Amino acid sequence: MAAVALGVSTAGPVHAMSGGTQLPQRGAAPWLATLAVKGAAPLLQRASCGGALIAPDRVLTAAHCLDGQDARRAEVHIGSSVLSQDPGTVRDIRSVTAHPRYELLPSPADPDNVALSSAAYDMAEIRLSAPVRGVKPLRIAHHRPLPGTPVSLFSHGITAAPTSQPGKEIRGDVLRRGDLTVRTHAQCAAQTPATVDEVSVFCARDISGGETTMCFGDSGSPLVIWGRRGPELVGVFSFAGETAGKVCGQAADAAFADVPALMAGVTSA
């Protein structure tokens, strides 16, 4: 797991997409949330975790994104496709409710190395300071998608550095969509020494060619399934190949908190 959330946390994983398809058009994912540290710097420099608007005043994200943080220092931007051009609708955070069973899981391979940790029940609900008007919230799916199901991740994550410039990763200004396929638990667990909690976590991967991978950037980004009535939220991004010592751009399974299964634990009054 990476060591930065909201620019300051050392609480857990913060990763996102490298590759995928750019979606620069306004309204490409109007329910997309971007967490950011408050400040005068451009949003592109302050942006952190992703999330999804699930009700006019509520956003789902990964629990580790705000674990140990002062939520008063953060704000939420709804519907921004290009961070440098449109901040979207901005709201302060009224409260955060993490799943009561959320925890980091030390790696059996190296328990003292937080960067190799995985997580369980990694989901939190943010209550916004005021409702977001004119945006249809993202519907939540009824159940976890079965292995082999096509799903899509939406993220402003950092893109992998060119091989000629190691360490030169760049935060993605433009929203990206990455198309993945849900994996079996056995497939996911076999490719990392970390603990993959089968009850609260499922995995997906780009099996078409490996071009969509996870990198340091935005955890909490929404994974959707395409239902008859449009996109439905099935997961928020938690951890990926870093638990196996992989670097940006290397193919790996991505692990997501199981939103349909965990909703009851994070819904605030």
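**An aromatic cluster and two nonpolar cores**

Trp31, Phe154 and Trp226 are joined into a cluster by ring pairs. The model is a predicted one, and a search through the whole of it turns up four aromatic pairs. A pair of rings comes down to two numbers, the distance between the centres and the angle between the planes.

Take Trp31 and Phe154 to begin with. Their ring centres sit 5.2 Å apart and the planes meet at 80°, so this pair is edge-to-face. Trp31 comes from the loop between strand S2 (21-22) and strand S3 (32-37), while Phe154 belongs to strand S12 (residues 150-155), so the pair ties together parts that are 123 residues apart in sequence. Both partners are tucked away from solvent: Trp31 has a relative accessibility of 7% and counts as buried, and Phe154, with a relative accessible area of 2%, is buried too.

Phe154 also pairs with Trp226. Here the centres are 6.2 Å apart and the planes are at 65°, so this pair is edge-to-face as well. With Phe154 in strand S12 and Trp226 in strand S18 (residues 222-227), the pair ties together parts that are 72 residues apart in sequence. Phe154 is thus the ring found in both of these pairs.

How exposed is Trp226? Its relative accessible area is 40%, so Trp226 is partly exposed, as the buried class stops at under 20% and the exposed class starts at over 50%. Setting aside neighbours within four places in sequence, Trp226 is in contact with Ser152, Phe154, Arg177 and Pro231. With Ser152 there is a polar contact, side chain to side chain, at 3.0 Å. On the backbone, the C-alpha atom of Trp226 is 9.7 Å from that of Thr149, a residue 77 places away along the chain.

Now for the nonpolar cores. The largest has 39 residues, and Val76 and Met123 are the ones with the most contacts inside it. Two or more residues each come from S3, strand S4 (47-55), strand S5 (58-61), strand S6 (74-78), strand S10 (124-128), strand S19 (230-239) and helix H3 (259-266). Leaving out residues up to four places away in sequence, Val76 touches Ala33, Thr34, Leu35, Val59, Thr89, Val90, Arg91, Ile93, Ile126 and Leu128. There is also a second core, separate from that one, with 14 residues, among them Ala141, Ala204, Met214 and Phe256.

Methods:
Residues are numbered from 1 along each chain as its sequence is written. This is a predicted model: local features need pLDDT of at least 70, side-chain atom pairs count only at pLDDT 80 or more; totals for chains, interfaces and linings use all residues. Side-chain values use heavy atoms; hydrogens and water are left out. Rings of Phe, Tyr and Trp (its six-membered ring) pair if their centres lie within 6.5 Å; planes under 30 degrees apart count as stacked, over 60 as edge-to-face and the rest as tilted. Helices (H or I, at least four residues) and strands (E, at least two) are DSSP runs, numbered from the N terminus. Buried means under 20% relative accessible area, exposed over 50%, partly exposed in between (1.4 Å probe, protein chains only). Contact means heavy atoms within 4.5 Å. A polar contact is a pair of N or O atoms within 3.5 Å; within protein, one must be able to donate a hydrogen and the other to accept it, and residues adjacent in sequence count only if both atoms are side-chain atoms. A nonpolar core is a set of buried Ala, Val, Leu, Ile, Met, Phe, Trp, Tyr and Cys residues joined through side-chain atoms within 4.5 Å.
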